[in-house]
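Biologist: Please pick a single part of this model and go through it closely with me. After that, I would like to hear about some other places that you can describe in the same terms.

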Amino acid sequence: MFRKKGAGDWKLSVEHAEKVPSLPIIGHALRNDLQTGPSNRPSIFAQEQAVESREWDSKQRSVLAVRWNADGNYCLSCGKDSTIKLWNPFKSMCVALFSGHGRDVTDVDCAGDSEHFVSSSFDKQVLLWDVPNTAIVRRFRGHAGRVNCVKLNEEGTVAVSGSVDGTARIWDLRSRSYEPIQVLAEPSDTITSVQISKTEIAVGSADGFVYRYDIVAGKLRRDYVASEVCSFMLADGCLLVQSQDGNLRLLDANGGSLLGTFAGHTVTEYRADCQMTLSKVYATCESGNVICWDLVSQKTVGRIPVREGMPLSGFDIYKNGLVAAAGQKIFLRPILA
């Protein structure tokens with residue numbers, strides 16, 4: 001659908017459709033739980049209201065990640081002070097404080113009902129939280145090193161976490177067992193990013209590969225980008241990958257060929273984040289901006305200024321609103337039309 005005319009095979013070494021003999025999740029009852037659906041809650045974005053630019057001090061020493069909740073009414077931030085905060089970004093107001101991790105909280109992801117979320121931390125744990133009661137529901141241990149990232153399916157039944165120990169672990173949030181359903185140990189370096197789609201669990205690693213586990217067919221696909229994977233995003237038929245060498249690439253999810261590249265942002269020392277909509281591609285720049293490109297033409301269509309001169313630790317998009325973090329500050333910005 002998004003194939004650029006004349007695009008050839010770009011990959012250096014990509015192995016496709018390898019059989020994975022050790023995938024016990026194949027055929028597991030939880031396979032159907034990865035099917036996600038939209039939240040039924042009304043959102044402030046339902047009327048397509050204009051988003052006003054705001055910024056405020058999180059008082060979390062440094063914010064490592066910021067995420068919208070499922071309906072776009074609130075956002076979650078996690079910081080180096082080992083806390084997670086729930087915000088009303090349209091009023092710059094802290095709604096709730098969650099404490100329970102022992103060290104820096106690296107990532108957070110909210111369930112589709114906005115009643116629960118999961119978090120990861122330097123303390124090697126993944127926690128499941130109850131939002132109304134600001135309480136910890138479950139603690140999952142097993143990683144041998146700090147946990148860099150975590151993703152939750154929208155129904156709140158399966159979580160995937162990635163760690164510096166080179167493994168991704170799949171957790172059943174409904175079971176009473178504290179053992180993971182599966183340990184994905186194919187990566188040979190730090191796990192930097194994880195994603196869950198309807199049929200795949202994907203893992204990005206510092207070894208330069210994005211590993212995509214097809215839970216229906218029981219196969220593993222590997223896409224190689226020749227540099228550490230900072231972040232990536234799965235979409236229908238394509239894969240957007242930001243690597244540490246500064247390249248932002250759009251790959252064909254089925255054949256692995258290069259569909260397009262996006263240039264104009266600076267990535268040298270800091271980890272860059274990227275996201276994609278049906279018509280736009282967004283990525284952080286070390287200048288403190290979020291760069292926006294047209295998906296089809298790969299041309300830069302604008303910059304969203306966030307905090308000039310300071311690299312962004314992360315951002316998230318919901319319809320016409322963007323939340324981002326730099327240092328200990330959180331920013332709300334309107335999306336470019």
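Modeller: Let's start with Gln-298, which counts as buried at 13% relative accessibility. Here buried means under 20% relative accessible area, exposed means over 50%, and partly exposed is in between, using a 1.4 Å probe and protein chains only. This is a predicted model, so local features need pLDDT of at least 70 and side-chain atom pairs count only at pLDDT 80 or more, while totals for chains, interfaces and linings use all residues. Residues are numbered from 1 along each chain as its sequence is written, and side-chain values use heavy atoms, with hydrogens and water left out.

Gln-298 is found in the loop between β25 and β26. Its phi is positive, at about 60°, although Gln-298 is not a glycine. Strand names like these come from DSSP runs numbered from the N terminus: helices are H or I runs of at least four residues, and strands are E runs of at least two. The loop belongs to a hairpin, in which five residues sit between β25 and β26.

The two strands of that hairpin, β25 and β26 (residues 300-305), pair in the antiparallel sense over five bridges. For two strands to count as paired, DSSP has to find at least two bridges between them. Within this pairing, Trp-293 stands opposite Thr-300 in β26. As for β25 itself, the strand spans residues 289-294 and is mostly covered, with five of its six residues buried.

On the other side of the story, β25 also pairs with β24 (residues 280-284), again antiparallel and over five bridges. Val-290 in β25 is the bridge partner of Thr-284. These strands form a hairpin too, with four residues between them, and Gly-288 in its turn has a positive phi of about 95°.

You may want to put Lys-319 next to Gln-298. Phi of Lys-319 is near 50°, a positive value in a residue other than glycine. Lys-319 lies in the loop between β27 (314-318) and β28 (321-326). Lys-319 counts as partly exposed, at 48% relative accessibility, whereas Gln-298 counts as buried.

Now for the charged pairs. Side chains of opposite charge can pair when their charged atoms come close. With a salt bridge taken as a side-chain nitrogen of Lys or Arg within 4 Å of a carboxyl oxygen of Asp or Glu, the count comes to eight.

One of them joins Glu-55 and Arg-333, with the closest N and O atoms 3.5 Å apart. This pair links distant parts of the chain, since Glu-55 is in β2 (residues 54-57) and Arg-333 is in β29 (residues 329-334), 278 residues apart. Glu-55 is partly exposed, with a relative accessible area of 42%, while Arg-333 is buried at 9%.

Another salt bridge runs between Arg-212 and Asp-223, whose closest N and O atoms are 3.1 Å apart. Arg-212 belongs to β17 (residues 209-214) and Asp-223 to β18 (residues 219-224), and the two residues are eleven residues apart. Both ends are covered: Arg-212 is buried with a relative accessible area of 2%, and Asp-223 is buried with 2% as well. Returning to Glu-55 and Arg-333, salt bridges that share partners join these two residues and Lys-329 into one network.

A third example is Asp-107 with Arg-67, where the closest N and O atoms are 3.1 Å apart. The partners lie in β7 (residues 105-110) for Asp-107 and β3 (residues 63-68) for Arg-67, 40 residues apart. Asp-107 is buried, with a relative accessible area of 5%, and Arg-67 is buried with 14%.

Finally, have a look at Ser-227, in the loop between β18 and β19 (229-235). Ser-227 is buried, with a relative accessible area of 10%. Its side chain makes a polar contact with the side chain of Glu-228 at 3.1 Å. A polar contact is a pair of N or O atoms within 3.5 Å; within protein, one must be able to donate a hydrogen and the other to accept it, and residues adjacent in sequence count only if both atoms are side-chain atoms. The backbone nitrogen of Asp-245 lies 3.2 Å from a polar atom of the Ser-227 side chain. Leaving aside residues up to four places away in sequence, Ser-227 touches Gly-208, Ser-243, Gln-244 and Asp-245, where contact means heavy atoms within 4.5 Å.
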